[in-house]
Amino acid sequence: MKTQEFDYFLPEELIAQTPIPDRDKSRLLVVDRKQGSLSHRSFADILSYVEPGDVLVVNNTRVIPARLFGRRKS
């Protein structure tokens with residue numbers, strides 16, 4: 001995998017600056033691998049997709065306003 005595969009255009013207005021007041025109203029993208037489809041839901045619907053034996057990983061990290069610059073030797 002090459003880092004250039006991660007490059008894409010993301011308009012500034014689509015980047016969240018602050019969290020929404022009601023976190024459970026956040027958007028949730030549901031991927032149905034059997035049907036090969038995508039659907040848009042709200043995070044409040046998450047329990048509809050969790051089944052016995054599933055693992056739900058919660059990420060409570062925060063984004064910091066930082067930029068990392070790198071340089072190759074070549």
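A surface patch, in the sense used on this tour, is made of residues with over 30% relative accessible area and no salt bridge, and nonpolar side chains such as those of Leu, Ile and Tyr are joined into one patch when they lie within 5 Å. With that in mind, please remember throughout that the model in your viewer is a predicted one.

**The nonpolar patch**

Begin by selecting Y8, L10, L14 and I15, which together make a nonpolar surface patch of about 440 Å². Now keep Y8 alone in the selection, and you will find that this residue belongs to the segment before β1, the strand that covers residues 27–32. Is Y8 buried or exposed? Y8 counts as exposed because its relative accessible area is 65%, and the cut-off for that word is over 50%.

**Towards the start of the chain**

Next select K2, which is also found in the segment before β1. K2 has a relative accessible area of 54%, so this residue is exposed. If you add L14 to the selection and draw a line between the two C-alpha atoms, the line spans 25 Å, while the two residues are 12 places apart in sequence.

**The whole chain**

Zoom out now and show the complete protein chain as a ribbon, where the secondary structure comes to zero helices and two strands. The C-alpha atoms fill a box of roughly 50 × 35 × 25 Å along the principal axes. The radius of gyration of the chain is 17 Å, whereas a compact globule of 74 residues would have a value near 11 Å. If you switch to a surface view, you are looking at an accessible surface of about 8,500 Å², and carbon and sulfur atoms account for 54% of that area. How much of the chain is made up of buried residues? They make up 7% of the 74 residues.

**The two strands**

Return to the ribbon and select β1 together with β2, residues 37–42, and you will see two strands that pair in the antiparallel sense over six bridges. At one place in this pairing, D32 has S37 of β2 as its bridge partner, and at another, R27 is bridged to S42 of β2. Between the strands of this hairpin there are four residues, and if you select G36 you will find a positive phi near 70 degrees.

Stay with R27, which lies in strand β1 and counts as exposed because its relative accessibility is 78%. Although R27 and R41 are 14 residues apart along the chain, their C-alpha atoms are separated by 6.0 Å.

**After the second strand**

For the last stop, select F43, which has its place in the segment after β2. At 40% relative accessibility, F43 is partly exposed, because this class takes in values between the limits of 20% and 50%. Which residues is F43 in contact with, once its neighbours within four places in sequence are left aside? Show the side chains of R23, D24, S26 and L28, and you have these contacts of F43 in view. One of them, S26, is 17 residues away from F43 in sequence, yet the two C-alpha atoms are 5.4 Å apart in space.

How values were computed: Residues are numbered from 1 along each chain as its sequence is written. This is a predicted model: local features need pLDDT of at least 70, side-chain atom pairs count only at pLDDT 80 or more; totals for chains, interfaces and linings use all residues. Side-chain values use heavy atoms; hydrogens and water are left out. Patches are made of residues with over 30% relative accessible area and no salt bridge: like charges are joined within 9 Å, nonpolar side chains (Val, Leu, Ile, Met, Phe, Trp, Tyr) within 5 Å. Accessible areas come from the Shrake-Rupley method with a 1.4 Å probe; for residues, only the protein chains shown count as cover. A salt bridge is a side-chain nitrogen of Lys or Arg within 4 Å of a carboxyl oxygen of Asp or Glu. Buried means under 20% relative accessible area, exposed over 50%, partly exposed in between (1.4 Å probe, protein chains only). Two strands pair if DSSP finds at least two bridges between them. The radius of gyration is taken over C-alpha atoms; the globule rule is 2.2 Å times the number of residues to the power 0.38. Contact means heavy atoms within 4.5 Å.
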